Amino acid sequence: MPYILNIVNKLWLGELSLSRSYWFFGNIVPFFFFVVIFSAIFAFHENPIDALITNQILPKNIIGKIVIFFLYFLFFTYVLISIVGVWRSSNKYHGREIWKILSKIAIIVSGFGYLKDFIKYFN
């Protein structure tokens, strides 16, 4: 476990390369979070396809609600860490200026997109 915390700390401080921060921690890891969250949604709903079609993300039972909220809490905590990490990595990047600018724009847009979806599904 300390290895993972060390990597997260390096991400937070912007000590990882911009490409690793942006592509792996800003795109691939959130994809796996979505896989876990949607797996939990499927596991706790009686009819998961209808739940997704009608945007009924939260199941009716309390255990399912707690699990889904906990997963979203972990996800948004991670998103905050990755946004800060990509931003700081881009500040330390010594390559072409366009990659610094585009990475900052993309990570902020994706963060707002995640927040918009959260509000849409839990409102």
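**Notebook: a five-helix chain**

I started with Phe-34, which sits in helix H2. This is a predicted model, so I kept that in mind throughout. At 24% relative accessibility, Phe-34 comes out as partly exposed. Which residues does Phe-34 touch, once those up to four places away in sequence are set aside? I found Phe-75 and Tyr-114. Phe-75 is 41 residues from Phe-34 along the chain, yet their C-alpha atoms are separated by 8.5 Å.

Next I moved to Phe-38, also placed in helix H2. Phe-38 counts as partly exposed because its relative accessibility is 27%, and the buried class stops under 20%. I looked up its distance to Leu-52 too: the two are 14 residues apart in sequence and 9.3 Å apart in space, C-alpha to C-alpha.

**The whole chain**

I stepped back here for the overall picture. How many helices and strands does the protein chain have? I noted five helices and zero strands. Read from the N terminus on, the elements run α-α-α-α-α. The C-alpha trace spans about 50 × 30 × 20 Å along its principal axes.

I then checked burial: of the 123 residues, 34% count as buried. The chain exposes about 8000 Å², and carbon and sulfur atoms supply 71% of that area. For contacts between residues at least 6 apart in sequence, I wrote down that 64% join residues at least 24 apart.

**Two serines**

Ser-21 was my next stop, again in helix H2. Is Ser-21 buried or exposed? Ser-21 is buried, because its relative accessibility is 0%. Not counting residues up to four places away in sequence, Ser-21 touches Leu-11, Leu-16, Gly-26, Gly-85, Val-86 and Ser-89.

That list sent me to Ser-89, which lies in helix H4, residues 62-92. Ser-89 has a relative accessible area of 3%, so I put it down as buried. Leaving aside neighbours within four places in sequence, I listed its contacts as Gly-14, Leu-16, Ser-17, Leu-18 and Ser-21. Leu-16 turns up in the contacts of Ser-21 and in those of Ser-89. I also looked up Ser-89 against Arg-20: they are 69 residues apart in sequence and 9.3 Å apart in space, C-alpha to C-alpha.

**Charges**

I counted charges next. The chain has 11 positive and 5 negative side chains, and the centres of the two sets lie 10 Å apart. Side chains of opposite charge can pair when their charged atoms come close. How many salt bridges does a search of the whole structure find? I got one. Asp-117 and Lys-116 make a salt bridge through their side chains, at 2.9 Å from N to O. Asp-117 is partly exposed, because its relative accessible area is 26%.

Then I went to Lys-104, in helix H5, residues 97-122. Lys-104 is buried yet has no salt bridge. Why is there none? The nearest side chain of opposite charge, Glu-97, is 6.9 Å away, and a salt bridge has to be within 4 Å, so this pair does not qualify. I did find a polar contact of 2.6 Å between the side chains of Lys-104 and Asn-91. Which residues is Lys-104 in contact with, leaving aside neighbours within four places in sequence? My list reads Trp-87, Ser-90 and Asn-91.

**A loop residue**

My last entry is on Glu-46, in the loop between helix H2 (18-44) and helix H3 (48-53). Is Glu-46 buried or exposed? Glu-46 is exposed, because its relative accessibility is 86%. I also looked up Gln-56, which is 10 residues from Glu-46 along the chain, with 12 Å separating their C-alpha atoms.

Methods. Residues are numbered from 1 along each chain as its sequence is written. This is a predicted model: local features need pLDDT of at least 70, side-chain atom pairs count only at pLDDT 80 or more; totals for chains, interfaces and linings use all residues. Side-chain values use heavy atoms; hydrogens and water are left out. Helices (H or I, at least four residues) and strands (E, at least two) are DSSP runs, numbered from the N terminus. Buried means under 20% relative accessible area, exposed over 50%, partly exposed in between (1.4 Å probe, protein chains only). Lys and Arg count as positive and Asp and Glu as negative; His and the chain ends are not counted. A polar contact is a pair of N or O atoms within 3.5 Å; within protein, one must be able to donate a hydrogen and the other to accept it, and residues adjacent in sequence count only if both atoms are side-chain atoms. Contact means heavy atoms within 4.5 Å. Accessible areas come from the Shrake-Rupley method with a 1.4 Å probe; for residues, only the protein chains shown count as cover. The place of a charge is taken as NZ of Lys, CZ of Arg, CG of Asp or CD of Glu.
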